[in-house]
Amino acid sequence: MSNVDPNLRRELFGWYSPRLGMDMPIVRYGHWGPALLLFPTAGGDFLEAERMGLIQSVAHHLFAGRVQIFGINSINPWAWMNEGMPLHQKAHNQARFSEYVEHEVVPHIRRCLGNEHARIGAVGASFGAFHAANAFFRRPDQFELLLGLGGFYDLQGEFLHGYWSDDVYFNNPASYVPNLPEGQGMELLRHHSRIHLVTSRGAWENPGYSEHLSQLLHQRDIPHNLDIWGDDMPHDWPTWYRQLDHYMAERLGY
């Protein structure tokens, strides 16, 4: 049973991903407007946002046609949240997930939009913000907007334990953003993209993660918005309801 308004357009789709070797579902909410690709938190799945009330919290924007949201599964249960998996396999699966997003998910969303060149938004909270940022910075030709809510952007320390490889480097924004080459991608990031790093000083939140990425972006002259909410905003779903609603209403430019 869905937790979203029955009058809201909600479509379930999916396919077998040859890159990941598994079936990957996708859900679409809304009927009109620019597309936001929503990455789930931690080990969440493609329906996590509706189970936790996030979709309902912004349903009025979806009904208004301001945006539409696409939700996918995370790779984390087969990577960073899988304690029994070797680190090299986790990194390999992360890299294949990025390819799945770039070569399977984005083309699907573009087909839904009827625009094969559309640049879309990448959105996520907590671990979802990491994946959203990775998608955005890897392919600014595919993504025009990053909205990270209570995120972190560096796998080093808690998840890598000293392990390093190309699969890690090219999927860890804090590693490769400082070294992004000049060229078309950087032109898009500097002049044709919107970056919002939203965090707070509330319980269980660490604004230092967003501040660190902000520093890296400043070093590369990449414009962005660092927005730190108060100590009454914990790292939890009710905070993300408010932040996503606020940004959809006033800050995304749609």
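**Note on the sheet, the aromatic cluster and two helix contacts**

1. In strand β4, glycine 71 is the bridge partner of valine 27. The model is a predicted one. Tyrosine 29 has its own bridge partner in β4, namely isoleucine 69. Strand β2 covers residues 22-29 and strand β4 residues 68-72; four bridges join them, and the two run antiparallel.

2. On the matter of burial, β2 is mostly covered, with seven of its eight residues buried. In a regular strand, side chains point alternately to one face of the sheet and the other.

3. β2 is also joined to β1, by eight bridges, and this pairing is antiparallel. One of the residues involved is phenylalanine 13, whose bridge partner in β2 is isoleucine 26. The hairpin of β1 and β2 has four residues between the strands, and glycine 21 in this hairpin adopts a positive phi near 70 degrees.

4. What is the order of the strands in the open sheet? The eight strands are arranged as β1-β2-β4-β3-β5-β6-β7-β8, and the pairing is mixed. β1 and β8 (225-229) are the edge strands, each pairing on one side only. On average, and with direction ignored, neighbouring strands of the sheet are turned by 20 degrees against each other.

5. Helix α9, residues 207-219, packs on this sheet and touches β7 (194-200) and β8. The direction of α9 makes about 150 degrees with that of β7.

6. Leucine 217 belongs to helix α9. Is leucine 217 buried or exposed? Its relative accessible area is 0%, and the cut-off for buried is under 20%, so leucine 217 counts as buried. Leaving aside residues up to four places away in sequence, leucine 217 touches Phe137, Val177, Ile195, Leu197, Ile222 and His224. Histidine 60, by comparison, lies 33 Å from leucine 217, C-alpha to C-alpha, with their positions 157 residues apart in sequence.

7. Aromatic pairs number 14 in the structure. In one of them, tryptophan 15 and tyrosine 100 have ring centres 6.3 Å apart, with the planes at 45 degrees. Pairs count as stacked under 30 degrees and as edge-to-face over 60, so this pair is tilted. Tryptophan 15 sits in strand β1 (residues 10-17) and tyrosine 100 in helix α4 (residues 87-113); the pair thus links distant parts of the chain, 85 residues apart.

8. Tyrosine 100 has 0% relative accessibility and therefore counts as buried. Both tyrosine 100 and tryptophan 15 are members of one aromatic cluster, together with Phe13, Phe39 and Phe97. Phe13 is the β1 residue already mentioned as the bridge partner of isoleucine 26.

9. Helix α4 also meets helix α5 (residues 127-138): their axes come within 11 Å and cross at roughly 65 degrees. The crossing is right-handed. From α4 the contact uses Gln94, Phe97, Ser98, Val101 and Glu102, and from α5 it uses Phe130, His131, Asn134, Ala135 and Arg138. How many residues of each class does the contact of α4 with α5 have? Four are nonpolar, four are polar and two are charged. Phe97 appears in this contact and in the aromatic cluster as well.

How values were computed:
Residues numbered from 1 in each chain as written. Predicted model: local features only at pLDDT ≥ 70, side-chain atom pairs only at ≥ 80, totals over all residues. Heavy atoms only, no water. Phe/Tyr/Trp six-rings, centres within 6.5 Å; stacked < 30°, edge-to-face > 60°. Buried < 20%, exposed > 50% of the residue type's maximum accessible area, 1.4 Å probe, protein only. Pairing = 2+ DSSP bridges. Axes fitted to C-alpha atoms, helices over the stretch in contact; angles between N-to-C directions. Contact = heavy atoms within 4.5 Å. Left-handed = near helix turned anticlockwise from the far one by under 90°. Nonpolar A, V, L, I, M, F, W, Y, C, P; charged D, E, K, R; others polar.
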